[in-house]
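Here is a short report on one protein structure. Please look at the sequence and the model first.

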Amino acid sequence: MEQKERARRLDEADGLKRFRSRFHIPDSTIYLDGNSLGLASVDALASLEKAASEWRSKAIGGWLDAEPDWFSCGERIGAAMAPLVGAAPDEVVMVGSTTANLHSLVATFFRPEGKRRRILADELNFPSDLYALASQIALRGGDPETDLILARSADGRTLDEDSLIALMDETVALVLLPAVLYKSGQLLDMARLTEAAHERGIVIGFDCAHSVGAVPHRFDDDDVDFAFWCTYKHLNGGPGSPAGLFVNRRHFFRDPGLAGWFGYVKERQFDMALHFDHAKSAGGWQMGTPPILSAASLEGALSLFAEAGIEAVRAKSLALTDFLMDLADSRLAPLGFTVGTPREAARRGGHVALEHDEGWRICQALKGRAIIPDFRPPRVIRLAPVALYNSFDEVERTVTALERIIRSGEHETFPAERDAVS
Ligand SMILES: *Cc1c(COP(=O)(O)O)cnc(C)c1O
């Protein structure tokens with residue numbers, strides 16, 4: 001009861017609570033999966049509907065006459081994301097998808113030469129990134145078996161920065177790491193890793209799919225070379241909304257590895273010149289026509305971050321996850337749960353990994369109680385209380401539900417096999 005009261009007080013003092021009503025929360029659910037697919041907001045849907053209506057009324061004219069225009073949406077929405085990542089407006093562009101942007105950036109920055117021909121990544125990264133890196137190495141005539149180094153994790157959850165740095169030797173041309181690890185939620189020290197890479201003459205980039213929108217970044221201060229992220233997780237852009245791409249302005253002169261006409265110098269794009277001249281901004285890394293409808297929902301969703309401020313989002317996110325880990329320690333640890341997320345604020349992102357041998361069945365039991373987590377094998381239940389729409393009370397109710405599920409053996413009534421999308 002005392003914890004219910006604590007939740008009530010925290011909710012009362014919450015400076016962001018007004019944002020909850022701007023989101024469509026699926027019928028009486030506690031939605032804790034915003035790190036996989038953020039919720040629809042009134043703002044995102046309004047701008048999506050506006051774009052649809054401009055398509056109806058203006059057709060081709062929408063490229064320049066829609067408000068805001070479609071033609072420059074990549075640059076404009078990129079600039080809107082820049083404050084979230086500590087970059088200048090022209091260093092960020094909205095384009096592609098996480099995986100496509102990884103390809104385009106690695107194609108730009110991976111320049112195997114002499115002894116330096118390897119890429120350093122890690123065994124805990126989202127597998128898509130590793131598939132993409134292996135294919136990039138193969139495209140350059142390398143052998144992924146020897147040229148893709150995967151840093152190992154000592155505990156299966158986290159990476160150790162010292163060990164990563166120890167692997168940055170003279171055979172490494174490029175380092176690619178996640179900012180926040182998708183399972184454990186560990187946040188890596190990007191400033192330190194970047195400095196270490198640069199001291200050794202290595203280019204470094206980060207996959208920020210699990211951090212942007214939950215964790216403020218300082219790409220310019222940290223001097224990161226490149227980064228990319230998706231916008232349908234913490235940014236609530238909508239399913240498959242176009243991704244973000246950052247190129248440090250020091251590298252604007254470089255030729256994009258995968259060129260296309262939307263990367264042409266904007267003012268002359270329609271000259272249709274035969275020789276490619278890329279925009280000297282992140283915009284140069286665009287390829288083709290942007291998906292206007294999903295860009296529109298993203299643009300609406302981003303207006304909420306402009307209003308709330310990423311620092312306030314981070315502060316509440318940390319308070320929510322602190323509260324969750326506290327309750328897990330006192331009430332769930334005795335029931336076989338372990339918190340797999342680092343405790344220090346500077347070392348974690350926006351979600352908490354709760355581990356249990358029966359993780360998959362517990363997730364289903366939670367869903368049966370209209371609480372939406374997600375599951376990552378073999379035993380991680382990911383819970384993301386999101387600053388803009390979740391409450392402390394929901395966190396408390398989730399912990400109570402987990403307690404009841406284990407105590408009653410409710411999870412044992414669910415099948416042990418997993419679904420195609422978990
Ligand atoms: C979500 C996620 C992806 C997804 O990539 P898509 O191209 O959007 O499907 C890639 N990498 C990481 C680390 C992710 O968390």
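## Disulfides

This is a predicted model. A disulfide is a covalent bond between the sulfur atoms of two cysteines. Searching the whole structure turns up 0 disulfides.

Take Cys208. The closest cysteine sulfur belongs to Cys230 and lies 10 Å from the sulfur of Cys208. That is too far for a bond, because a disulfide needs sulfur atoms within 2.5 Å. Cys230 is likewise in no disulfide, and the nearest cysteine sulfur to Cys230 is that of Cys208.

## Burial of the two cysteines

Are these cysteines buried or exposed? Cys208 is buried, with a relative accessible area of 0%. Cys230 has a relative accessibility of 2% and also counts as buried.

## Packing of α12 and α14

Two packed helices are described by the angle between their axes and the distance between the axes. Helix α12 covers residues 310-332, and helix α14 covers residues 392-408. Their packing angle is about 25°, and their axes are 10 Å apart. Angles under 35 degrees count as roughly parallel, so α12 and α14 are roughly parallel to each other. Their crossing is right-handed.

Which residues make the contact? From α12 come Lys316, Ala319, Leu320, Phe323, Leu324, Leu327, Arg331 and Leu332. From α14 come Phe392, Val395, Glu396, Val399, Thr400, Leu402 and Glu403. By type, the residues of this contact between α12 and α14 are 10 nonpolar, 1 polar and 4 charged.

Technical notes: Residues are numbered from 1 along each chain as its sequence is written. This is a predicted model: local features need pLDDT of at least 70, side-chain atom pairs count only at pLDDT 80 or more; totals for chains, interfaces and linings use all residues. Side-chain values use heavy atoms; hydrogens and water are left out. Axes are lines fitted to C-alpha atoms, for helices over the stretch in contact, and angles run from 0 to 180 degrees between N-to-C directions. Helices (H or I, at least four residues) and strands (E, at least two) are DSSP runs, numbered from the N terminus. Angles under 35 degrees count as roughly parallel, over 145 as roughly antiparallel, 65 to 115 as roughly perpendicular and the rest as oblique. A crossing is left-handed if the near helix is turned anticlockwise from the far one by less than a right angle, and right-handed if clockwise. Contact means heavy atoms within 4.5 Å. Ala, Val, Leu, Ile, Met, Phe, Trp, Tyr, Cys and Pro count as nonpolar, Asp, Glu, Lys and Arg as charged, and the others, Gly among them, as polar. Buried means under 20% relative accessible area, exposed over 50%, partly exposed in between (1.4 Å probe, protein chains only).
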